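Below are some comments on the model, set out as numbered points. They cover helix packing, cysteines and a few single residues.

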Amino acid sequence: MNQTENKEEANRNTIKKASLKIFKAIIYTILCNRFTGWLILTVFKKHIPDIRSKNYSFVVSNPSAQRKTIASIFFGFYERGETRFINKYLNPNLDVIELGCSLGIVSSHLIHKLQNGSQLILIEPNPYLQQTIKENVSKHNPNNIRFQLLNYAVGYGSKNVRLNITNDSTASKIVNDDFNVGKSIMVETISLNSVVNKFKLSDYALVCDIEGSEIEWILNEGESLKNCRQLLIELHAVNYGRHYTVNEIKDIIVQKHNFKLVDWKGPVCYFEK
C-alpha cells in the first residue's frame, strides 16, 4: 500500500469513527432522557436493573438521581468506561480506594469483583449520597468484602473545602470561591497519603472520578502512590494555578508517578505499574 492509499485508508477510518460516535450519541439521546427515566422508574420502582450486567440492580431513591441518569443506568451507559475497565483489568486480590462514589454504581462493580481478603475504601464528599452508596455496595457484595465509606473531600493546604451541592448526583463539585454559597456545604479534607496510612495499605488500586479535583493529589502526592499498582481515572482539563490539559495530566501521571498508560476510552484512562 503506497502513501496515497495509506492516507485514504486513514481518512476512511477517521470518518468511520466520527460516524460511529454520532450514531452512539443519537442512540443515547433516544434512550436516555427524562421520559424514559420516568417510565423505567415507574416500572421498576426503587431498584433499577442494568440490562447489560445481569448481576446488578441499583437503588435510585436518592432525590439527586435524575431521570436521565436512571435511564442511563438501566441501558448500561452510566460510567460505562469505568465499569468496562474494572471488569477487564482490576486485580481482584488488591485493596481498592475509590475517590468520588456518587450513587455507588462504580463502587458496586468494584466490590462485586473483589475477592476475600481485599478491602474497599470509599471516599465521597457529599453526605447526602452516603445512604444510597451503602445500600448499593451492600447488595452487590457476594464475597463479604470489608468496606469503609468516609465523608471527606481529597484536598491539600486547607482543613475544609466548599462543596457545591446540586440536584443532580453527577454534578456536585468542589468550588474555590463563594459562588452559589447558598447551595454549598463545607467538607473536611483528607489526603490520599492519610487514607493509605489509616488502612495500612501496601499494594492497592485507585479508582478516581472527582470532577477535576484529581489534579490535587496528582500534583501533591508522592510516597503514597509508590505502591499503587492500578489506576483507573476519569481526567478533566482544569485550572489549578495554571491551566492543565488532559494530555498534560496524563504525562504527569506517567513521568512523576511512574505509571504506564495501558488503555483509555475518552477521558477514562487505565494506568498500571
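1. Helix α5 spans residues 105-113 and is mostly covered, with seven of its nine residues buried. The buried residues are Ile105, Val106, Ser107, Ser108, His109, Leu110 and Ile111. Please keep in mind here, and in every point below, that this is a predicted model.

2. What does α5 pack against? One neighbour is helix α4 (residues 80-89), whose axis comes within 10 Å of that of α5 and crosses it at roughly 5°. The two helices, α4 and α5, are therefore roughly parallel, since an angle under 35 degrees counts as such. On the α4 side the contact is made by Glu82, Thr83, Ile86 and Asn87, and on the α5 side by Val106, His109, Leu110 and Lys113. Sorted by class, the residues of this contact are three nonpolar, three polar and two charged. Of the α5 residues in the contact, Val106, His109 and Leu110 are also on the list of buried residues.

3. A second helix pair is α2 (residues 34-44) with α3 (residues 67-74), packed at an angle of about 70° with 7 Å between their axes. An angle of 65 to 115 degrees counts as roughly perpendicular, so α2 and α3 are described in that way. The crossing of α2 past α3 is left-handed. From α2, the residues in contact are Arg34, Thr36, Gly37, Trp38, Ile40, Leu41 and Phe44, while α3 supplies Arg67, Lys68, Ile70, Ala71 and Phe74. This contact of α2 with α3 holds seven nonpolar, two polar and three charged residues.

4. How many disulfides does the structure hold? The number is zero. For cysteine 101 the reason is distance: the closest cysteine sulfur, that of cysteine 208, is 10 Å from its own, which is too far for a bond. The cut-off for a disulfide is a sulfur pair within 2.5 Å. Cysteine 101 counts as buried because its relative accessibility is 3%. Cysteine 32 also has a relative accessibility of 3% and counts as buried, the limit for that label being under 20%.

5. Asparagine 144 deserves a look at its backbone. Its phi is near 50°, a positive value in a residue other than glycine. Asparagine 144 sits in the loop between α6 (130-139) and β5 (146-150). With a relative accessibility of 66%, asparagine 144 counts as exposed, as the limit is over 50%.

6. Glutamate 211 should be checked in the same manner. Phi of glutamate 211 is positive, near 55°, and the residue is not a glycine. The loop that holds glutamate 211 lies between β10 (204-208) and α8 (214-220). Is glutamate 211 buried, exposed or partly exposed? At 30% relative accessibility, glutamate 211 counts as partly exposed.

7. The last point concerns tyrosine 240, a residue of strand β12 (residues 238-240). Tyrosine 240 has a relative accessible area of 29% and is therefore partly exposed. Which residues does tyrosine 240 touch, not counting those up to four places away in sequence? They are Ile215, Glu216, Leu219 and Asn220. For one of these, leucine 219, the C-alpha atom is separated from that of tyrosine 240 by 9.8 Å, with the two positions 21 residues apart along the chain taken as their spacing.

Methods. Residues are numbered from 1 along each chain as its sequence is written. This is a predicted model: local features need pLDDT of at least 70, side-chain atom pairs count only at pLDDT 80 or more; totals for chains, interfaces and linings use all residues. Side-chain values use heavy atoms; hydrogens and water are left out. Buried means under 20% relative accessible area, exposed over 50%, partly exposed in between (1.4 Å probe, protein chains only). Helices (H or I, at least four residues) and strands (E, at least two) are DSSP runs, numbered from the N terminus. Axes are lines fitted to C-alpha atoms, for helices over the stretch in contact, and angles run from 0 to 180 degrees between N-to-C directions. Angles under 35 degrees count as roughly parallel, over 145 as roughly antiparallel, 65 to 115 as roughly perpendicular and the rest as oblique. A crossing is left-handed if the near helix is turned anticlockwise from the far one by less than a right angle, and right-handed if clockwise. Contact means heavy atoms within 4.5 Å. Ala, Val, Leu, Ile, Met, Phe, Trp, Tyr, Cys and Pro count as nonpolar, Asp, Glu, Lys and Arg as charged, and the others, Gly among them, as polar.
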